[in-house]
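Trainee: I have a structure open on my screen and I'd like to learn how to read it. Could you walk me through it?

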Amino acid sequence: MEIIRLTGDTLLTEPCVATIGFFDGVHRGHRFLIKQVTDKAFLQGRRSAVITFDRHPRQVVKTDYKPLLLSTFREKMTLLSTTGVDYCIVLPFDERMASLSAHDFMKLILADRLGVKTLITGYDNRFGHNRSEGFDDYVAFGRKMGMEVLQAQPFVMDGIHVSSSVVRALLTAGEIEMANRCLDYEYSMSGKVVDGQHIGHTIGFPTANLQPEDNHKLIPAHGVYAVRAHVGYTGEAHPAMMNIGHRPTFDGQNDTIEVHLLHFSDNIYGEQLSVSFVSKLRDERKFNNGVELSRQLRLDAEEAEKRLTME
């Protein structure tokens with residue numbers, strides 16, 4: 001996949017079949033849509049393209065908006081590169097682009113500069129200023145400018161129309177297994193291991209305190225999780241368990257993300273750590289003392305190892 005960033009002089013003359021969207025998470029619904037694009041491009045003997053943005057459009061339209069992202073920009077590019085699409089065209093979304101009507105966006109950007117001859121839209125996707133127009137309007141606009149506009153079929157799994165908002169809701173509720181099924185991969189987050197209060201050492205469960213590399217990345221619900229941990233950028237996967245929450249047993253005030261790597265004793269302060277969520281073990285809760293918590297953590301470790309082995 002070739003990544004093309006739209007600049008002032010970008011002009012693609014080769015006709016292509018394209019789709020457009022933010023594609024947060026590049027989940028199974030996105031892949032189903034992109035497969036329709038690549039199949040259509042193959043039949044037409046043309047290149048296929050995914051058109052996306054360098055930031056979430058709402059961050060420009062609504063300046064105080066803080067997105068909860070399923071994927072960082074780098075992660076999104078990596079995921080898109082596995083779909084078989086020829087081009088990923090990244091648009092710089094700014095106030096000028098946000099002000100374009102759907103018609104002007106299709107004419108000035110898609111048709112005139114990117115050579116889109118067939119546009120396949122997501123079944124519920126809208127674009128253009130205030131998203132005031134819909135699919136029938138896109139078809140009419142496209143007809144006048146020599147662009148075929150088609151609507152993709154939705155991807156439905158177990159009665160659910162898979163979308164980024166659905167995946168966010170599942171993660172926010174701690175429904176990791178179902179979220180992973182919708183994504184078709186294990187949800188993950190990365191960051192640096194920073195110094196903490198070392199409470200875990202005192203009860204026999206030392207933890208790596210994770211500081212996420214992107215503060216817009218969605219953090220799943222409070223609780224204890226079975227995860228796979230990768231130390232460094234190319235490190236092997238280690239079985240681990242993670243706690244997300246405020247450590248109520250010790251009257252914690254701030255949320256923390258703590259990872260305990262099973263059968264692991266190396267010092268990894270300052271290292272890059274990536275974790276992939278496999279399963280939620282339990283909700284976070286307050287124990288009477290550290291001894292009770294330590295006893296529960298031993299049970300959690302056994303259950304985490306069991307679930308990770310089953311995968």
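Mentor: Let's start with the inside. This is a predicted model, and its largest nonpolar core has 34 residues.

Trainee: Which residues touch the most other members of that core?

Mentor: Leu-91 and Leu-110 do. As for the elements giving two or more residues to the core, they are the strands β2 (16-20), β3 (47-53), β4 (87-91) and β5 (116-121), along with the helices α4 (95-98), α5 (102-111) and α6 (135-144). The largest share, six residues, comes from α5.

Trainee: What is Leu-110 in contact with, leaving aside its neighbours within four places in sequence?

Mentor: Look for Ile-51, Phe-105, Gly-115, Val-116, Leu-119 and Met-147. Then look elsewhere in the chain: apart from the largest core lies another one, of 33 residues. Phe-155, Ile-176, Leu-218 and Met-242 are among its members.

Trainee: Okay, let me zoom out. How many helices and strands does the chain have?

Mentor: You should find 10 helices and 14 strands. The C-alpha trace spans about 75 × 40 × 35 Å along its principal axes. Of the 311 residues, 51% count as buried.

Trainee: And how do I tell whether contacts join residues that are far along the sequence?

Mentor: Take the contacts between residues at least 6 apart in sequence: 73% of them join residues at least 24 apart. For a related example using C-alpha atoms, try Glu-175 and Ala-221. They are 46 residues apart along the chain, yet their C-alpha atoms are separated by 8.6 Å.

Trainee: Where does Glu-175 lie?

Mentor: In the loop between α7 (164-172) and α8 (176-183). Glu-175 is partly exposed, with a relative accessible area of 42%.

Trainee: Next, backbone angles. What should I expect for phi?

Mentor: Most residues other than glycine have a negative phi. Phe-23 goes the other way, with a positive phi of about 60 degrees. You'll find Phe-23 in the loop between β2 and α1 (28-44).

Trainee: Is Phe-23 buried or exposed?

Mentor: Buried, with a relative accessible area of 3%. Now compare Asp-158, whose phi is also positive, near 55 degrees. Asp-158 sits in the loop between β7 (156-157) and β8 (160-161), and at 57% relative accessibility it counts as exposed.

Trainee: Got it. How many disulfides does the structure hold?

Mentor: First, the idea: a disulfide is a covalent bond between the sulfur atoms of two cysteines. This structure holds zero of them.

Trainee: Why is there no bond between Cys-16 and Cys-88?

Mentor: Because the two sulfurs are 12 Å apart, which is too far for a bond. Cys-88 has the closest cysteine sulfur to that of Cys-16. The cut-off for calling a pair a disulfide is 2.5 Å.

Trainee: What are the relative accessible areas of Cys-16 and Cys-182?

Mentor: Cys-16 is buried at 2%, and Cys-182 is buried too, at 0%.

Trainee: Last stop, the surface and the charges. What do I look at there?

Mentor: The accessible surface of the chain comes to about 15400 Å², and 49% of that belongs to carbon and sulfur atoms. For charge, count the side chains of each sign: 35 are positive and 40 are negative. Then compare where the two sets are centred; here the centres lie 4 Å apart.

Conventions. Residues numbered from 1 in each chain as written. Predicted model: local features only at pLDDT ≥ 70, side-chain atom pairs only at ≥ 80, totals over all residues. Heavy atoms only, no water. Buried < 20%, exposed > 50% of the residue type's maximum accessible area, 1.4 Å probe, protein only. Helix = DSSP H or I, 4+ residues; strand = E, 2+ residues; numbered from the N terminus. Contact = heavy atoms within 4.5 Å. Areas by Shrake-Rupley, 256 points an atom, 1.4 Å probe, with all protein chains shown as cover. Lys, Arg positive; Asp, Glu negative; His and termini not counted. Charge placed at Lys NZ, Arg CZ, Asp CG, Glu CD. Core = buried A, V, L, I, M, F, W, Y, C linked by side-chain atoms within 4.5 Å.
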